[in-house]
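Please keep the model open while you read this note. Check each point against the residues as you go.

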Amino acid sequence: MHQAAGYAAAVSPHTYVTFRALVEAIIPYTADCSAHGAVQSAGAVQLCVHEYLIWELDHNLSLWLGYYLTPVPLAAPTAELLNCGAVQFTASGQHQVVPGRPGHTEYPFAALHPSDRIRVLAMLEQCDHLDYAAFPPPYRNDRGLVRYIIDFLNRQTMFGNYSEWPAYGSTRLRTPTERRLEGFPPGWSQVCYPGVVPGYRAIMGNVLTIERQGGGASIVRS
């Protein structure tokens with residue numbers, strides 16, 4: 001088992017299923033595009049972007065607390081935040097599709113229709129009639145942090161999908177210095193980006209020569 005699969009297996013089902021549902025709602029599989037090839041129809045789930053978000057929240061956006069800078073991974077509490085938001089969303093009667101997807105009864109966010117998951121994100125970001133005391137730490141009673149993390153989830157899903165990250169393949173969940181490209185990034189193909197090409201040296205200004213004579217100096221452009 002390669003490291004990426006091992007890391008995914010170590011994540012709790014609660015966290016994994018919730019983030020999978022999140023990225024599925026933001027960038028869904030598009031069957032209509034299958035005529036142009038499997039890559040064009042792929043969504044964020046097919047590119048494993050949910051694993052990218054979990055990794056980022058546990059490694060690159062974790063909180064550091066205490067005198068000894070103890071890291072606090074954020075993937076699990078963020079998944080709990082989404083589920084708490086889904087519970088409040090459903091209780092308020094805002095859902096447009098009756099929740100209850102098969103196999104997702106234990107995961108309130110994943111049980112929602114994808115369109116209603118987007119509405120949960122909007123509700124959390126706009127701070128509409130929420131019980132912040134019911135949210136898990138560190139989001140409890142912190143509107144600013146809740147709004148920040150929802151914006152982060154939206155942006156990072158897009159970044160993970162359209163960057164080179166999925167092309168790292170079996171090395172995608174290693175540290176950045178250990179990642180290796182194993183193919184052409186699918187997101188680049190989707191947006192018709194040709195990839196990195198040899199560039200040209202950019203002009204960094206003009207070289208100047210300072211001539212010193214006695215107590216003075218003059219600048220001569222070369």
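The numbered points below go from the overall layout to single residues.

1. Start with the status of the model. It is a predicted model, and the values here are computed from it. Keep that in mind throughout.

2. Next, the layout. The protein has nine helices and four strands. Read from the N terminus, the order of elements is α-α-α-α-β-β-α-α-α-α-α-β-β. Trace that order on the model.

3. Now the totals. The protein has 222 residues, and 38% of them are buried. The exposed area comes to about 12900 Å². Carbon and sulfur atoms supply 57% of that area. Take the contacts with a separation of 6 or more: 56% of them involve residues 24 or more positions apart.

4. Look inside. In soluble globular proteins, nonpolar side chains tend to be buried together. Here, the largest nonpolar core has 47 residues. Phe 19, Leu 22, Leu 57, Leu 124 and Phe 135 have the most contacts inside this core. At least two core residues come from each of helix 2 (13-26), helix 4 (49-59), helix 5 (75-91), helix 6 (108-111), helix 7 and helix 8. Helix 5 gives the largest share of the core, seven residues.

5. Pick Leu 57 from that core. Which residues does Leu 57 touch, leaving out those up to four places away in sequence? The partners are Phe 19, Ser 62, Pro 73, Leu 74, Ala 75, Thr 78, Ile 149, Phe 152 and Leu 153. Of these, Phe 19 is also listed among the core residues with the most contacts.

6. Glu 51 deserves a check. This residue is found in helix 4. Is Glu 51 buried or exposed? Its relative accessibility is 7%, and the cut-off for buried is under 20%, so Glu 51 counts as buried. Two polar contacts involve its side chain. One joins Glu 51 to the side chain of Tyr 16, at 3.3 Å. Another joins Glu 51 to the side chain of Arg 172, at 2.8 Å.

7. Move on to Ser 163. It sits in the loop between helix 8 and helix 9 (186-190). With 7% relative accessibility, Ser 163 counts as buried. Its side chain has a polar atom 2.9 Å from the backbone oxygen of Phe 159. A polar atom of that side chain also lies 3.2 Å from the backbone nitrogen of Trp 165. Beyond four places in sequence, Ser 163 is in contact with Pro 185 and Trp 188. Compare the spacing to Pro 186: 23 residues in sequence, but 8.7 Å in space, C-alpha to C-alpha.

8. Tyr 162 belongs to helix 8 (residues 143-162). Why does Tyr 162 count as partly exposed? Its relative accessibility is 34%, so it falls between the buried limit of 20% and the exposed limit of 50%. Tyr 162 also helps to make a nonpolar surface patch of about 490 Å². The other members are Met 158, Val 191, Tyr 193 and Val 196.

9. Last, Ala 122. This residue is found in helix 7 (residues 114-126). Ala 122 is partly exposed, because its relative accessibility is 27%. Find Ile 150 as well. Ala 122 and Ile 150 are 28 residues apart in sequence. Their C-alpha atoms are 8.4 Å apart in space.

Definitions and conventions
Residues are numbered from 1 along each chain as its sequence is written. This is a predicted model: local features need pLDDT of at least 70, side-chain atom pairs count only at pLDDT 80 or more; totals for chains, interfaces and linings use all residues. Side-chain values use heavy atoms; hydrogens and water are left out. Buried means under 20% relative accessible area, exposed over 50%, partly exposed in between (1.4 Å probe, protein chains only). Patches are made of residues with over 30% relative accessible area and no salt bridge: like charges are joined within 9 Å, nonpolar side chains (Val, Leu, Ile, Met, Phe, Trp, Tyr) within 5 Å. Accessible areas come from the Shrake-Rupley method with a 1.4 Å probe; for residues, only the protein chains shown count as cover. A salt bridge is a side-chain nitrogen of Lys or Arg within 4 Å of a carboxyl oxygen of Asp or Glu. Contact means heavy atoms within 4.5 Å. A polar contact is a pair of N or O atoms within 3.5 Å; within protein, one must be able to donate a hydrogen and the other to accept it, and residues adjacent in sequence count only if both atoms are side-chain atoms. A nonpolar core is a set of buried Ala, Val, Leu, Ile, Met, Phe, Trp, Tyr and Cys residues joined through side-chain atoms within 4.5 Å.
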